[in-house]
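The following paragraphs offer a guided reading of a protein structure, intended for a student who is meeting such a model for the first time. Please keep the sequence and the three-dimensional view at hand while reading.

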Amino acid sequence: MIELQDALRKKEIWAIGGGKGGIGKSLITGNIGITLARLRKKVLLVDADLGGANLHTTLGIGVPEMTLSDFLNRRVENIQEVIIKTSIPNLSLISGAQDFLDAANPNFSQKARLLRHLETLDADYILLDLGAGTSFNILDFFLFSDHGILVVLPEPTAIENAYRFIKSAFYRRFKKVVAQQNIKDLIDAAMDQKNNMGIRTPYDLIERVKTMEREVGEILELEVAKFRPKLVVNQVRTKTDIQIGFSMKSACQKYFGIHLEYLGYVEYDDCVWQSIRSKRPLTIEYPYSRPSRCIERIVHNLLRKEQLVASMLY
Amino acid sequence: MFKKIEDLNFYELLEISPRASAQEIHRAYERVRRVYDPNSIALYSLFTPEETAAIHQRIEEAYRTLLYEDNRRKYDEELRNSGEMQAPPVQQQRSLRTQASPAGPSLSSPGSSRTRDMPQPAADPVPQEIPAPAPFNSDFTGPAIKLLREQRNLTLRQVSDITKIGLRYLELIEEEQFQKLPARAYLRGFLMQYAKILGYDPERVAGDYLKRYEASMNQPKK
């Protein structure tokens, strides 16, 4: 009976990305995981940052013996063998690849095999910690997940990359739903901001596709409506920094036509780097600190499918 | 289903429902203005400075149109004629929405205004009569402010709802009962806010008014 309940339990996969490196993706992933585990959810963290894995460090675990690369390269057949139990009840980890070569760029069949195996695992939540950048691997994991969470810093560079990430992710999604090669080519061309077809915004692109194949354009419109990435602003110091989340949400809506959901922000505090220095997880070492509280609020919003509203600021 | 920013109607631009009260419009305006702050680092990589300036101008236009009952009615009618807005609002709602609404519909209910399936708007949804304030060349005295307010069809209650300045103070300002008005610093703040609502330069209005205020207050001492 218990097994049946387990099987029926809805599993959710969350992916945490953001385009830029060093913005706190691993830290936020790890601590969301710990917070969920404390709520008695079974959580599996997967370090999908295949080039620069360090999720294990934010959890205070040494360099693991078994990693994702062992699974990807078929040194082990079953994904269960690379899962590491952590000292926190309900929380386990698949550490990222430690290899230098191939593992950072798994091919399509390797990715498909990983995702297939993840689907079979017994967990309430599987959190994918994505690497920096907008490579296809990262975008595919982001698009595959039930919820894609974007992390940004209140800095121009991080925000630029976040927009680029959003754009790349949904153009890739577009390409997956259309079959016609000429439209695929058009999407590729539109990715170049300085294209000479006058396509600047996704709106322009959809309009152009509609003139070619009306139905396909309508399908793309539906895709835009379905794509709802979530946003976390890390290291906020002032109210203006919090405001950035609302500005990005509104700008995304008006420019891309995408509903970006503003999940929450994490306040800047020295205790974060102290916890990283001491290689102890933030929410364990400083559970009552403001950043830990912020992460609790993010988890709360995620679980209840809520987001921040602007009226709380003023 | 998804529109270019230039094609958004004023309600969509301010992210409010077509039934929003004057107070909600004011709050939304303040919020959206902050969102599209020209210095915001969240914008520059999507919009050029010219586009940001254009958005700002449209936000101002939206605010000035929706704030005044007459202009708003005309604008609503245009929206309805172009098929953008459905069912004329019931007369009662119209009178209700000028009052402060209880903490009811949230301003940011996600996409409430765009779930409606709307046809493309008319090419130029901007009302013919742009509600810029008429130039005003004499001094901003209490009675002058009252006159300008009445020209805009605003009641003291509406101004009070929007600015959060007590009704009594607004009356005293218009009646120029200088003795009963609060200290100069507060009065200046009130005048600036009141001027913004009317669409006149706050510095000029406060300057004119305070000159008379000071002249009157200093008289007995001489």
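Gly17(A) stands opposite Leu150(A), a residue of strand β6(A). The model in which this pairing appears is a predicted one. The two strands concerned, β1(A) and β6(A), run parallel and are joined by four bridges. On its way through the sheet, β6(A) is also connected to β7(A), again in parallel and by four bridges. Within that second pairing, Val152(A) has Val233(A) of β7(A) as its bridge partner.

How many of the six residues of β6(A) are buried? Six of the six are buried, and the strand is thus described as mostly covered. To understand the arrangement, a general principle is helpful: the side chains of a regular strand alternate between the two faces of the sheet. In β6(A), one side carries His147(A), Ile149(A) and Val151(A), while the other carries Gly148(A), Leu150(A) and Val152(A). Residues on both of these sides are buried, and both faces of the strand are covered.

Attention may now turn to the other pairing of β1(A). This strand, residues 12-17 of chain A, is joined by five bridges to β5(A), residues 125-129, and the two run parallel. Here Glu12(A) stands opposite Tyr125(A) of β5(A). Helix α6 of chain A, residues 136-144, packs on the sheet and touches β1, β5 and β6 of chain A. The direction of helix α6 makes about 140° with that of β1(A).

These strands belong to a wider arrangement. In chain A, eight strands form an open sheet with mixed pairing, in the order β3-β4-β2-β5-β1-β6-β7-β8. The edges are occupied by β3 (83-85) and β8 (261-267) of chain A, each of which pairs on one side only. From one strand to the next, the twist averages 25°. A further helix of chain A, α2 (residues 25-38), lies across β1, β2, β4, β5, β6, β7 and β8, and runs at about 170° to β5(A).

One residue of β7 in chain A deserves a separate remark, namely Gln235(A). As a general rule, most residues other than glycine have a negative phi. Gln235(A), however, has a positive phi of about 55° and is not a glycine. Its relative accessible area is 25%, and Gln235(A) therefore counts as partly exposed.

Chain B is built in another manner, with 10 helices and zero strands. Of its 222 residues, 48% count as buried. Among the contacts in chain B with a separation of 6 or more, 68% are made by residues 24 or more positions apart.

Chain B also contains a residue other than glycine with a positive phi: Glu15(B), whose value is near 55°. Glu15(B) is located in the loop between α1 (10-14) and α2 of chain B, and with a relative accessible area of 25% it is partly exposed.

In helix α2 of chain B, residues 22-35, one finds Glu24(B). Which side chain of opposite charge is nearest to Glu24(B)? It is that of Arg27(B), 6.3 Å away, and Glu24(B), although buried, has no salt bridge. The side chain of Glu24(B) does, however, reach the backbone nitrogen of Ser21(B) at 2.8 Å.

Technical notes:
Residues are numbered from 1 along each chain as its sequence is written. Chains are lettered from A and ligands numbered from 1 in the order in which they are written. This is a predicted model: local features need pLDDT of at least 70, side-chain atom pairs count only at pLDDT 80 or more; totals for chains, interfaces and linings use all residues. Side-chain values use heavy atoms; hydrogens and water are left out. Two strands pair if DSSP finds at least two bridges between them. Axes are lines fitted to C-alpha atoms, for helices over the stretch in contact, and angles run from 0 to 180 degrees between N-to-C directions. Contact means heavy atoms within 4.5 Å. Buried means under 20% relative accessible area, exposed over 50%, partly exposed in between (1.4 Å probe, protein chains only). Lys and Arg count as positive and Asp and Glu as negative; His and the chain ends are not counted. A salt bridge is a side-chain nitrogen of Lys or Arg within 4 Å of a carboxyl oxygen of Asp or Glu. A polar contact is a pair of N or O atoms within 3.5 Å; within protein, one must be able to donate a hydrogen and the other to accept it, and residues adjacent in sequence count only if both atoms are side-chain atoms.
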